[in-house]
Amino acid sequence: MLQVPTNRPNQRVDMPDVVYKSEEGKFRAVVDQIVERHKKNQPILVGTVSIENSELLSEMLKRKGVPHKVLNAKYHAEEAEIISRAGEPGSVTIATNMAGRGTDILLGEGVNDVGGLHIIGTERHESRRIDNQLRGRAGRQGDPGSTQFYLSLGDELMKRFGADNVMNMMERLGFEEDQPIESKMITRAVESAQKRVEGNNFDVRKVVLQYDDVMNQQREIIYKQRRELLESENVKQIVVDMIKPVIERVVAVHTADDIPENWELQEIADYMNSKMLDEGALNRDDLWAKRPMRWSNSSSRRLWRNMILVSRRSVLNWCVNSRSYCSACCR
């Protein structure tokens, strides 16, 4: 794999993730960080995983008196314009992962002096690609910038992978709700969990693709038969060729026993009457009458098998040659 170099050297600082015991502690820390950086007139873009989290942060910032914009990927044209101004001095923008994607954020005058655009992620997504997209909003074209993710043990990804171990460690060390763990080890553990989720999702998509291949093969067979019916001048022969293997399978299933008296001849008759013949056109006695009248007393498997085949062939001939057979299209 060839890695394409950046157009200009990347100056963005990606800080380690911080983990809190509860979601409440995490969001309070996010709001405190926004207030602190807003005082320096630094632009901030906050990425959330849901509209509910965006609205929760908005309410908390209102109580702190911090002006901000909330984008929820509802009005694409307006939101693209708003997020393009997210790099202006002192701006605070809260956006879901989908909002404003594909729009460059240009830094306003003097923003480089306060560290560029700062990105805050309020939760890790299952896919690293989406997290990297959020990080990539800062530090464009060699601009300065910084990013950091705030996590809690109540986050979906953390609950699925290893939250109990981290919780036990925080309990043993006496961590408070507002006291974070900041470590590159935590970041690596989260990225490892993301890789496992991505692997699971890949396997699921692979199985779905295999099912789709099977369905596609079935569609090709059905469309082929449909074309044959539309283009053929002798529809009856095509239908007969389709029905013959069906009859053979039905007879084979109900005559599997080596003892003729145990054959399920009535089941065969019921199937034929319900699917192919008029009601009552065939019964058990009709099929039993087709059996060989004389056979050897030997219990040789070969002799028994020959008898079974003869009887199956008789059933097949009876059904195919019946006048009531396939009365819907072959009269």
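The questions and answers below concern a predicted model, its strands, one pocket and some loop residues.

Q: Which residues lie nearest the centre of the largest pocket?
A: The largest pocket has a volume of about 230 Å³. Its lining is made up of 14 residues. Those nearest the centre are Gly 139, Arg 140, Gln 141, Gly 142 and Asp 143.

Q: How many residues in the lining of the largest pocket are charged?
A: The lining divides by class into 3 nonpolar and 6 polar residues, plus a charged group. Asp, Glu, Lys and Arg count as charged. In this lining the charged residues number 5.

Q: Is Gln 141 buried, partly exposed or exposed?
A: Gln 141 belongs to the loop between α4 and β7, and its phi is positive, about 50 degrees, although it is not a glycine. Most residues other than glycine have a negative phi. The relative accessible area of Gln 141 is 48%. Buried means under 20% and exposed over 50%, so with 48% Gln 141 is partly exposed.

Q: What is the relative accessibility of Asn 41?
A: Asn 41 sits in the loop between α1 (23–39) and β3. Its phi is near 70 degrees, a positive value in a residue other than glycine. Asn 41 counts as partly exposed because its relative accessibility is 40%.

Q: Which residues of β6 point the other way from Leu 117, Ile 119 and Gly 121?
A: Strand β6 covers residues 117–121, and 5 of its 5 residues are buried. In a regular strand the side chains alternate between the two faces of the sheet. In β6, Leu 117, Ile 119 and Gly 121 point one way, and on the other side are the buried residues His 118 and Ile 120.

Q: Which residue of β7 is the bridge partner of Ile 119?
A: Strand β7 spans residues 144–152 and runs parallel to β6, with 5 bridges joining the two. Ile 119 is one of the β6 residues that are buried. Its bridge partner in β7 is Thr 147.

Q: What is the handedness of the β-α-β unit that β6, helix α4 and β7 make?
A: Strands β6 and β7 run parallel. Helix α4, residues 128–135, belongs to the unit together with these two strands. The β-α-β unit is right-handed.

Q: Which residue of β6 is the bridge partner of Ile 44?
A: Strand β3 (residues 44–48) is joined to β6 by 4 bridges, and the two run parallel. Ile 44 pairs with a residue of β6, namely His 118.

Q: Which residue of β5 is the bridge partner of Leu 45?
A: Strands β3 and β5 pair in the parallel sense over 5 bridges. In β5, Thr 93 and Ala 95 point one way, with Val 92, Ile 94 and Thr 96 pointing the other. The bridge partner of Leu 45 is Thr 93.

Q: Which residue of β5 stands opposite Val 70?
A: Strand β4 (residues 69–71) runs parallel to β5, joined by 3 bridges. In β5 (residues 92–96), 5 of 5 residues are buried. The β5 residue opposite Val 70 is Ile 94.

Q: How far from a polar atom of the side chain of Thr 255 does the backbone oxygen of Val 251 lie?
A: Thr 255 is found in the loop between α8 (235–254) and α9 (265–275). Thr 255 has a relative accessible area of 2%, so it is buried. From the backbone oxygen of Val 251 to a polar atom of the Thr 255 side chain is 2.5 Å.

Note on methods:
Residues numbered from 1 in each chain as written. Predicted model: local features only at pLDDT ≥ 70, side-chain atom pairs only at ≥ 80, totals over all residues. Heavy atoms only, no water. 1 Å grid on protein atoms, 1.4 Å probe; cavity = no way out; pocket = protein on both sides within 12 Å on 5 of 7 lines; lining within 4 Å. Points joined across faces, edges and corners; volume = space filled by probe spheres on them. Buried < 20%, exposed > 50% of the residue type's maximum accessible area, 1.4 Å probe, protein only. Pairing = 2+ DSSP bridges. Right-handed = clockwise from strand over helix to strand, strands pointing away. Polar contact = N/O pair within 3.5 Å; in protein donor to acceptor, adjacent residues only side chain to side chain.
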